[in-house]
Amino acid sequence: MKRLNFINNQPLAVKLTAACLTTSIISLIIAMIALNIYDKNTYKSLLRDEVSLLASVISNRSVESVLFNDKQSALNNLNPLSYRSSIIGACIYRVNTPPQPATSTLASYPNDKIFCPSTQPKAIKIIEPSHGRFIDFIHPIKADKEIIGYLYVKTSLSELSTRTQQSFKVFLVIIIVASFIALWLSKIISFKLISPLRDLGLTARKVAQVDDYSLRAKKINDDEIGGVVDSFNHMLNVIEHEHDRLRESEEKFRLISASSKVGIFQLNPQGECTFANEEMSYITGLPITQILKESWLSVVEPEDRAALKAQFNTMMSTHIPININCSINGIEKKWISGHVGVLRGNSDEILGYLGSINDVTEIRQAQTQLEHMAFYDTLTGLANRRLFRNRLEHVLNNLSRSKHSLGLILLDLDHFKEINDSMGHDAGDRLLTIISERLQQCVRSSDTVARLGGDEFAIILPIVHDSIVISTIAEKIIEAIHRPIQLQENEFRISASLGIAMAPDDSSQAEELIKQADMALYKAKDTGRNNYQFFTDDINQKLVTHLDLVRDLRLAISNEEFHLVFQPQLCLNSYKLTGFEALIRWTCPKRGFVPPDQFINTAEDTGLIIPIGRLVISKACEQLKSLIQEQLVADNVVMTVNISAKQFQDESLISHIKDELQRNNIPAHQFEIELTESILMENIDEVIIKLKQIQQLGILISIDDFGTGYSSLGYLKQLPVNIIKVDRSFVSDIPESKDDMEITAAVIAMAHKLNYLVVAEGVETQEQLNFLRSCKCNYGQGYLFSKPLASQDLLAFCKNYSATSISQQYS
Ligand SMILES: Nc1nc2c(ncn2[C@@H]2O[C@H](COP(=O)(O)O[C@H]3[C@@H](O)[C@H](n4cnc5c(=O)[nH]c(N)nc54)O[C@@H]3COP(=O)(O)O)[C@@H](O)[C@H]2O)c(=O)[nH]1
């Protein structure tokens, strides 16, 4: 086996030469042996034939010699044998008659001393002893077919061995010459055979050494080796193509990674950094060489570093990609976010890891800012409603574990709106900022001061022992707010109303607690402002009543418990019927008749006024439609509906009115909306836009309860309204109150100057009517003419209405 290994490890040329030599020598030896055997056999065969013929001739010649026992003649007959050098002896035997011995030697050649076998030849044969040195021939001598004697000839094969020796020498020479020729031929063959292979090897080595895949092996012959060269070159073509593609993609990767705004790095399977782009250096503040040597994790903030290393270790053991989120402390503190994926080879083996990181500091800052904006009031920096709500819920959730109470204070600045409107929004903002600073100074840092919107503030006191502590804080707040404030070179004083609720005594539910504090706040406002009120049983009862009413209102909507009544309006000059005011009525199965004063505000607060208001518009339009169809009213008679503040803000209000007018085929100029002053005071710009949209449709607009609010006629000038309604409270004291008479007269006169029509409501007496007519008030509405009428009564009223008779009645 070892010897085989030795041969296997020899160069191909040696193997080839050895094979050629061995083959040629073995072939020659086999040829030599074969020729020798052939020569030997041919020689022996010739010898046999020759000696047999000679023996036959001598036997025939020796018949007389044997018959006559003539020794000399027998001897003479043997003499020709001398011509054959291979015959070394011969004998002629005579067959005797008994009692003589069976045979006797008659003559022997070359002399007497020749050994003639004593044994009588018994048969005719050729004897070849195994040693192969002699061949004996025995040939009968016959006379008339009777064997009378034998001729014995002994031949020597020594000539044969001489021939063999000579031919061996010749073969030896041939073998030597043939070996040289074989050697020479094997050299040529091995050169022809091996040089392409060597060239192939050289090319392969060079490709590997210089990494040049454009090199090709030379194809010399079109044989199998040529085929191998072709395959090798084809393989190089494929590799070169793949290599080019690889280089191209590497180049692309290099270009992308160089110009990328993302830090890119590569790790080997052991987690060592093997590549990092410029951006990695920029983001981490480390030179690339250092990143490659020590990894960039050294600049990760210590509190994030251990976790990040653990993440990397997990990735390397599980081969599951990871997301990175950490802060780094290079030249400046940065937030980074990234991803590390696993690089796998064709057979899914792990080649390493490819990671990318982004500097997300700006995003993070923006996020923080957004979060701050989402949870903090931009003007004052206080917690906003959302954060207030979160904190309140959080403290309430933990309250069960504490033996303390929680105090919630809701705070409203008294008459802030007037200050804001009269001094401008900048001054209002400044005031709010000062107030928020003062509020913060009144409480501990663990307490939460929040601005809920406008001039509404809330304070959460998470740990209070009793209501006395809260009272002290509330007084401190009232005193702090009431301190003078310098605004636009003027000194101001403002007061606040505070409502307080406590958890868990009042409630442990955030929603309920806020409602309770709110109720207490209303009570504080009711009791003259600039004070604080705790939520009490009395307030609680009101809350229960309120919630009960809300529930019943909801039921009333779904059970259609509402209907409308209509109060006529007359022209105070001609006494013609000019319109009706639609007024809602609620007959509750549980409560009985509920006047609008008792539910409109609650409906407004809860938003239920929207569905209720839509119902009023629809029913009012339907009523006017039937009056028009019955031809009971003139084509300028107007149906007026009251629109509350929430309703006015409802986006779908205009489209709903349009739809209803269209559905009932009512011209827009026969429809009027009545708005209170307070609606018009809020967001004047938006209000004007909406009023203009309504007016453009041809719908009339009137201002209800005029004179009870803060608006002046000058302010009114800006508003696109058609009619002003003088409030009932002014009319009701006419003629007793001279002031009211003066106010009413002045309002009517100024309204006319501004081209508004005037409706006086609550006309109950002839005196009031007379006064209003003297002031040239355009229209009148009141019990004097008619109370609000149900639908059927309205039809009868219209049927029977006669301007002439009314005129006669009241003029
Ligand atoms: N948003 C809505 N508000 C509505 C609606 N329906 C009514 N209301 C408002 O409720 C308030 C009370 O209304 P009501 O009890 O219907 O009283 C109206 C008249 O009945 C009453 N009135 C009319 N004439 C006289 C009178 O001579 N004397 C006297 N004591 N009362 C009289 O005045 C009320 C009408 O007032 P106004 O709307 O201001 O013209 C009231 O504020 C209604 O607006 C509704 O559908 N939506």
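The following dialogue examines a predicted model of a protein chain with a bound ligand.

Biologist: What is the mean pLDDT of the protein chain?

Modeller: The structure is a predicted model, and pLDDT expresses the predictor's confidence in each residue on a scale from 0 to 100. In the protein chain, 96% of the residues reach 70 or more, and the mean pLDDT is 88.

Biologist: What ipTM does the predictor give the complex?

Modeller: Two scores are reported for the complex by the predictor. The pTM is 0.50, and the ipTM is 0.95.

Biologist: How many helices and strands are there in the protein chain, and what share of its residues is buried?

Modeller: The protein chain contains 28 helices and 26 strands. A residue counts as buried when its relative accessible area is under 20%. Of the 811 residues of the chain, the share that counts as buried is 43%.

Biologist: Among contacts with a separation of 6 or more, what percentage joins residues 24 or more positions apart?

Modeller: Here the separation is counted along the sequence, and contact means heavy atoms within 4.5 Å. For the protein chain, residues 24 or more positions apart account for a share of 61%.

Biologist: Which residues come nearest to the ligand?

Modeller: There are 22 residues around the ligand. They divide into 8 nonpolar, 4 polar and 10 charged residues. Those that come nearest are Q567, E581, R728, E761 and E764.

Biologist: What is the distance between an oxygen atom of the ligand and an N or O atom in the side chain of E761?

Modeller: The side chains of several residues have polar atoms beside the ligand; in R585, such an atom lies 2.9 Å from a ligand oxygen. For an N or O atom in the side chain of R728, the distance to a ligand oxygen is 2.6 Å. For E761, the corresponding distance is 2.3 Å.

Biologist: How much of the accessible area of the ligand does the protein cover?

Modeller: On its own, the ligand has 800 Å² of accessible area. The part of this area that the protein covers is 85%.

Biologist: Which element gives the largest share of the shell around the ligand?

Modeller: Two elements, β19 (577-588) and β23 (700-706), give two or more residues to this shell. The largest share is 4 residues, and the element that supplies them is β19.

Biologist: Is L200 buried or exposed?

Modeller: L200 is found in helix α5, which covers residues 158-210. Beyond its neighbours within four places in sequence, L200 is in contact with A217, V228, V229 and F232. The C-alpha atoms of L200 and V229 are 6.7 Å apart, although 29 residues separate the two in sequence. Because its relative accessibility is 10%, L200 counts as buried.

Biologist: To which residue does the backbone nitrogen lying 3.0 Å from a polar side-chain atom of T361 belong?

Modeller: T361 is found in helix α10 (residues 361-375), and it is buried, with a relative accessible area of 12%. Apart from residues up to four places away in sequence, T361 touches K333, K334 and W335. The backbone nitrogen at 3.0 Å from the polar side-chain atom of T361 belongs to W335.

Biologist: What is the relative accessibility of I291?

Modeller: I291 lies in helix α8 (residues 288-294). Its contacts, leaving aside neighbours within four places in sequence, are C273, A276, M280, S281, T284, L286 and W296. C273 is 18 residues away in sequence, with 7.1 Å between the two C-alpha atoms. I291 counts as buried because its relative accessibility is 0%.

Note on methods: Residues numbered from 1 in each chain as written. Predicted model: local features only at pLDDT ≥ 70, side-chain atom pairs only at ≥ 80, totals over all residues. Heavy atoms only, no water. Near = heavy atom within 4 Å. Polar contact = N/O pair within 3.5 Å; in protein donor to acceptor, adjacent residues only side chain to side chain. Areas by Shrake-Rupley, 256 points an atom, 1.4 Å probe, with all protein chains shown as cover. Nonpolar A, V, L, I, M, F, W, Y, C, P; charged D, E, K, R; others polar. Buried < 20%, exposed > 50% of the residue type's maximum accessible area, 1.4 Å probe, protein only.
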